[in-house]
Amino acid sequence: MQMKHLLVASVLGLVSLCQAQAADFVKWPNGAKAAVSLSYDDTLNSQLDNAIPALNKYNLKGSFYLSVANEPLSLRMEEWRQAAKQGHELGNHTIYHPCRKMLPGRDWVVDYADLDRYTLPQLEREIATTNAFLHAVDGRTERTYTPPCLDLAVDNGNTSIKPLLSKYFVGVKGAPMHLPPEQITDLMPSGVSGKELIAFVEKAAEQGQLASIIFHGIGGDHLTVSTEAHEELLQHLASHPERFYVDSFINIMRYARDHKE
Ligand SMILES: [Zn+2]
């Protein structure tokens with residue numbers, strides 16, 4: 001009997017918790033069920049060659065998180081500038097892409113870009129310099145950020161970088177701003193099918209969430225998603241504008257900022 005009461009109480013608790021969360025949720029424009037952010041990290045050739053032409057074909061806007069030291073930035077500057085003119089977002093992904101080398105599976109991190117050895121002022125200079133560089137490319141003054149490896153601490157993990165985030169950015173992937181954390185669902189796909197990508201955005205639509213997809217290579221480079229799977233998702237999103245509000249991450253963040261309950 002006690003067990004039964006406990007069960008009923010916890011079920012009720014769960015229901016009221018869900019209602020409380022739903023009440024805080026930002027409602028998406030024009031009755032859309034989900035917001036979708038398509039972003040692409042690391043300044044990769046396959047993004048210029050494959051992702052941007054596919055986005056343009058379906059008239060969808062993506063966000064490209066550029067690490068300034070990566071060669072496809074300086075070698076193909078005019079193409080990135082052109083992408084910005086087409087309405088795509090150029091976001092900050094630092095200069096050297098520092099990640100925490102002490103974490104498991106991070107042997108590939110080079111010593112000069114070991115975030116565990118960074119101080120907060122050092123990362124701040126790198127972030128501010130990247131914003132200045134991107135301003136020189138596209139003339140914009142507001143940015144969003146994807147932390148390299150989604151790491152949010154420097155100095156052997158002892159110092160949070162969160163104080164920098166609201167100072168320099170309108171939004172940050174992997175560190176919720178302007179939305180309840182429960183309203184955001186992240187995916188960093190690699191080797192997935194179009195069906196799996198579509199299932200992810202459809203689940204977000206059932207829950208009224210922001211589906212934040214962090215791509216890397218498209219039909220090449222690393223953490224690759226095939227051009228076919230990528231295009232299948234874009235075609236699905238473009239065919240259902242009543243259900244999906246697809247925009248650059250900065251526009252979604254501005255919308256969320258201005259429409260908080
Ligand atoms: Zn990255």
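I take two strands as paired if DSSP finds at least two bridges between them. The model I examined is predicted.

**Entry 1: pairing of β1.** I looked up the partners of strand β1, residues 34-41. With strand β2 (residues 63-66), β1 runs parallel and is joined by 3 bridges. Within this pairing I found Tyr40 opposite Phe64 of β2. I then turned to strand β9 (residues 210-215), which pairs with β1 in the parallel sense over 6 bridges. There, Ser39 stands opposite Ile214. Strand β10 (residues 244-246) is also parallel to β1, over 3 bridges, and I noted Val246 as the bridge partner of Val36.

**Entry 2: the connection to β2.** I followed the chain through helix α2 (residues 45-57) and recorded that β1, α2 and β2 form a β-α-β unit of right-handed sense.

**Entry 3: burial of β1.** Is β1 buried or exposed? I found 8 of its 8 residues buried, so the strand is largely enclosed by the rest of the structure. On one side the buried residues are Ala34, Val36, Leu38 and Tyr40, and on the other they are Ala35, Ser37, Ser39 and Asp41.

**Entry 4: nonpolar cores.** Which residues touch the most other members of the largest nonpolar core? In this core of 44 residues I listed Ala34, Val36, Val201, Ala211 and Leu237. For Ala211, leaving aside neighbours within four places in sequence, I recorded contacts with Ala34, Val36, Thr185, Phe200, Val201 and Ala204. Apart from the largest core I found another of 9 residues, including Val109, Leu115, Ile127 and Ile161. I note for context that nonpolar side chains tend to be buried together in soluble globular proteins.

Conventions: Residues numbered from 1 in each chain as written. Predicted model: local features only at pLDDT ≥ 70, side-chain atom pairs only at ≥ 80, totals over all residues. Buried ≥ 20, exposed ≤ 12 C-beta atoms within 10 Å, placed from the backbone. Helix = DSSP H or I, 4+ residues; strand = E, 2+ residues; numbered from the N terminus. Right-handed = clockwise from strand over helix to strand, strands pointing away. Core = buried A, V, L, I, M, F, W, Y, C linked by C-beta atoms within 7 Å. Contact = placed C-beta atoms within 7 Å.
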